[in-house]
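Student: I've got a structure to look at, and I'd like to know where the labels come from. Can we go through it together?

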Amino acid sequence: MMSTPLIIQGGMGVGVSDWRLARAVSLEGELGVVSGTALNSVMVRRLQNGDPGGHVQRALSHFVDSTVASEILATYYVEGGIPTGARFKRSPVPSVSPTRTLQRLNIAAGFVEVWLAKEGHNGIVGINFLEKLQTSNLAATYGAMLAGVDYMLMGAGVPREIPGVLDRFVEHEDASIRIAVSGTPGTTEVFTTVSPREALNTIPKSSLKRPAFLAIISSSTLASHLVKKSTGSVEGFVIEGVLAGGHNAPPRGPMKLTDRGEPIYSHKDEADLAEIRALGLPFWLAGSYGSPEKLVQAIELGASGIQVGTAFAFCEESGVAPKLREAVIDRILHGDIVEGEAVFTDPHASPTGFPFKVVQLPGTQSERSVYEERPRKCDLGYLRQVAVRDDGAIVYLCASEPVEDYVRKGGKIEDTVDRKCLCNALLSNVGLAQTQEDGYVEQPLLTAGDDLVHVGQFLRPGQTSYRARDVLAHLKGQ
Ligand SMILES: Cc1cc2nc3c(=O)[nH]c(=O)nc-3n(C[C@H](O)[C@H](O)[C@H](O)COP(=O)(O)O)c2cc1C
């Protein structure tokens, strides 16, 4: 493996860990990670905002297939940007058999984000995916590899087949994964395939670099399963505890809630580090490890270092919309970010059914009234589950879609309660909110880990913002 980082900046959200943040961390010698989630939507909306700075266009001018780059610009680029409040033209929604157009968009989007993060330096850059987004991940992975991505990280599932996909993409070969089908296990198996040679008119003549694969997990059982059963090599693990921002693994056994309505975890939910160490692969600890003391502790426990998200999510280079970032910092400075109250581990918000950490911030969907004002709609579809009907037809369900649609397709009504549209909210978090046909403007829903209460440690006296470099220097005790 190439140089092993001490600090991994966690892959975050839709566009929170964008190329700017990953680049800033990478330039400091640590592992900067871009989020691979919904990159096609991020790219087409940046283009429709006029591509300030010309970054997307610059990256696309280096894309191996110039016809595809031109097609994307012709379809989505708007010089000077669309008027405020106008609707964004959307990318097609993900499906198990994506059209050539969608595959090209996903490949190009993966390429653009990693290319920009790596532009003009030799630092290491990773890309992070959620395993559940099976219908989008493959093409973006190939795109990231075209840009020379050094690490790939994947969590929120069992990414057993991904290491083999990386091996196949090295030689530009077709790669497939089996899609997890919800509902009654049937006999139908569903696969999704990406064929670089079919998707693009031109591919590089030489082989690509195979990125190191790190699985994000929370149990040693899963770690050892992945080492033994993966379709290719696993280079290490990020062990993520329940205090981490974003989605958390559900507690073992039946879900029980505290009086406040948060999942109850116990020592059974902690990974067995002795078993992880015995696997002999490097690992990083995550989930409220963002302090110099916790870094030392992680090393003492045999880790190669730590993965940190929350501290980076609110730094200047993060993709979080400045007004939201400033609102959070303002609350920190006024002592309004209180342990046990500032972040709520919501067992219902995410349509995936996984607990999702929500920052309690006025004006965002953490407020019930803001959430209830939103007319339910599913127009992005990243988190849709695939199901096979009795007649063999494939249907797509999201527990946050309009209730009647979900139930008509065979979903249970009780699964729709208090579900939030993370696709639209997360794009809103990074200033790329859609204005829907009915005039509704998608509202944000911020996530952060329990470490949010400690973010003030990175602010120097009198300052109201901090940079990624400040986080790294503080963590390393410099
Ligand atoms: C704003 C935010 C968004 C996140 N989004 C994702 C994500 O999309 N995928 C993922 O694997 N992890 C996600 N995470 C988890 C981070 O990658 C990282 O593991 C975690 O933040 C580490 O714990 P900490 O929050 O205590 O620093 C997110 C974390 C934050 C704070």
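Tutor: Sure! The protein chain has 17 helices and 15 strands. Those are DSSP runs numbered from the N terminus: H or I of at least four residues for helices, E of at least two for strands. This is a predicted model, where local features need pLDDT of at least 70 and side-chain atom pairs pLDDT 80 or more, while totals for chains, interfaces and linings use all residues. Residues are numbered from 1 along each chain as its sequence is written, and side-chain values use heavy atoms, leaving out hydrogens and water.

Student: What makes the protein chain as compact as a globular protein of that length?

Tutor: Its radius of gyration is 21 Å, close to the 23 Å that the globule rule gives for 478 residues, so the label fits. The radius is taken over C-alpha atoms, and the rule is 2.2 Å times the number of residues to the power 0.38.

Student: How do you know that Glu240 makes a polar contact with the ligand?

Tutor: A polar contact is a pair of N or O atoms within 3.5 Å; within protein, one must be able to donate a hydrogen and the other to accept it, and residues adjacent in sequence count only if both atoms are side-chain atoms. A polar side-chain atom of Glu240 is 2.7 Å from a ligand oxygen, so that pair is within the cut-off.

Student: Why is Lys294 said to lie over the face of Tyr289?

Tutor: NZ of Lys or CZ of Arg must be within 6 Å of the ring centre and within 35 degrees of the ring normal. Lys294 lies over the face of Tyr289 at 4.5 Å from the ring centre. Lys420 sits over Tyr371 too, at 4.9 Å.
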